[in-house]
Amino acid sequence: MGYRCLVVIAVSSVYKREEDLYQNTFRMSVACRWTRRLCGRHLTLNRGMHSSAVLSNKEDETPKKVWVTHHREGEKMSWNVPSEPVDVRQKIPDNEWRGLLHRIAPKKPIRADFMSYMQRGIDLRPSSIKRWWGNMQTEAAAKDQMYKPERVAVLGFELAAAHFVVHRGGRVRFRGVKEWVEQNEDEEYELSRHYQPGVYIEEVDASKINLVYEGLESMKNLMYLKNLSVSGCAHIDDWCIDRICCQFSGTLEHLDISGCTKVTERGIGALARLRQLRTLNITGLDGVKDIRLLCLLLKDDLPQLKISGINYFNPETLEHS
């Protein structure tokens, strides 16, 4: 009796292993089939008891492919490898699984800033509307004042900068000429439409221009510029000051940045790079941190510099002392 029980238990355990193996193989084949349909590509399988059951006869009979490189040759077994690399950017075949989102998805990807903008709440406060309108005007000014190579190709750097400044309401004075070139009452001005050798700009008054950083790039390569005024330009900041110091470091002698409230102590400190600077007007920049100390350091670095628009001594400090 005990012997028969042992035989029955052994046989049942064998059937149990075979049944588990069959179930695992069946589950693997079903999972691979549905995964291939969903993902649209063949999975990387290892030959074994479970994976071989999933492979079709055609896959098993796939011949070996030879991969040739510049330094060695070798053979590699590959199943269902396409003859050419697949471009993931290609259109998804119609027989492949796709979600409903593809019906409304745009042809071009949506930018991250647009998605961030759509997630914001609607803010109709007067301050927000004013800030939005100011940003729109700044972007429009940046596009309008961008550097145009075709204009320089026709006029040269000097005349191109003159047209840029005068056309937007500023004025320029050329070297060896006392009169300024600016618009008249009819918004007309006289400037050459073609390149003329020996014409150089010596002074630029851009105080009436809504000058931005891109506009300073349109005034580059002015070889003899000595006087520059950007007084009252609301968009002149530390980056613009750095651009001015880079472009005119060897020629600029007089600079007027009065009323440029976006300039901070970093911009004032960068003015030390203008080695030929003789006069500096910083009226209206009293709110800059440590402005008096910065002016003293500038005068120590540039002994010939004369700074106007700032009081070095505070009367209230003298009264308390």
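**View 1. Helix α5 gives the most to the lining of the second largest pocket, with seven residues.** This is a close-up of a predicted model. Joining α5 (126–144) here is α4 (112–118), and each of these two helices supplies at least two lining residues.

**View 2. Here we look into the second largest pocket itself, with a volume of about 470 Å³.** Its lining is made up of 13 residues, and those closest to the pocket centre are Tyr117, Arg120, Asp123, Ser128 and Trp132. By residue class, the lining divides into six nonpolar, three polar and four charged.

**View 3. Six strands form an open sheet with mixed pairing.** Reading across, you will meet them in the order β3-β4-β5-β6-β7-β8. The edges belong to β3 (171–174) and β8 (306–308); each has a single partner strand, so one side of each is left without a neighbour in the sheet. From one strand to the next, the twist averages 10 degrees.

**View 4. Strands β4 and β5 pair in the parallel sense.** Three bridges link β4 (residues 201–205) with β5 (residues 227–229). To find your bearings, start at valine 204, whose bridge partner in β5 is leucine 228.

**View 5. Helix α6 lies across β3 and β4.** The helix spans residues 149–167 and runs at about 150 degrees to β3. Of the two strands it crosses, β3 is also one of the sheet's edge strands, while β4 follows β3 in the strand order.

Conventions:
Residues are numbered from 1 along each chain as its sequence is written. This is a predicted model: local features need pLDDT of at least 70, side-chain atom pairs count only at pLDDT 80 or more; totals for chains, interfaces and linings use all residues. Side-chain values use heavy atoms; hydrogens and water are left out. On a 1 Å grid over the protein atoms alone, a cavity is a set of points where a 1.4 Å probe fits but cannot get out, and a pocket is an open set with protein on both sides within 12 Å along at least five of seven lines; lining residues have an atom within 4 Å of a point. Grid points are joined across faces, edges and corners, and a volume is the space filled by probe spheres set on the points. Helices (H or I, at least four residues) and strands (E, at least two) are DSSP runs, numbered from the N terminus. Ala, Val, Leu, Ile, Met, Phe, Trp, Tyr, Cys and Pro count as nonpolar, Asp, Glu, Lys and Arg as charged, and the others, Gly among them, as polar. Two strands pair if DSSP finds at least two bridges between them. Axes are lines fitted to C-alpha atoms, for helices over the stretch in contact, and angles run from 0 to 180 degrees between N-to-C directions. Contact means heavy atoms within 4.5 Å.
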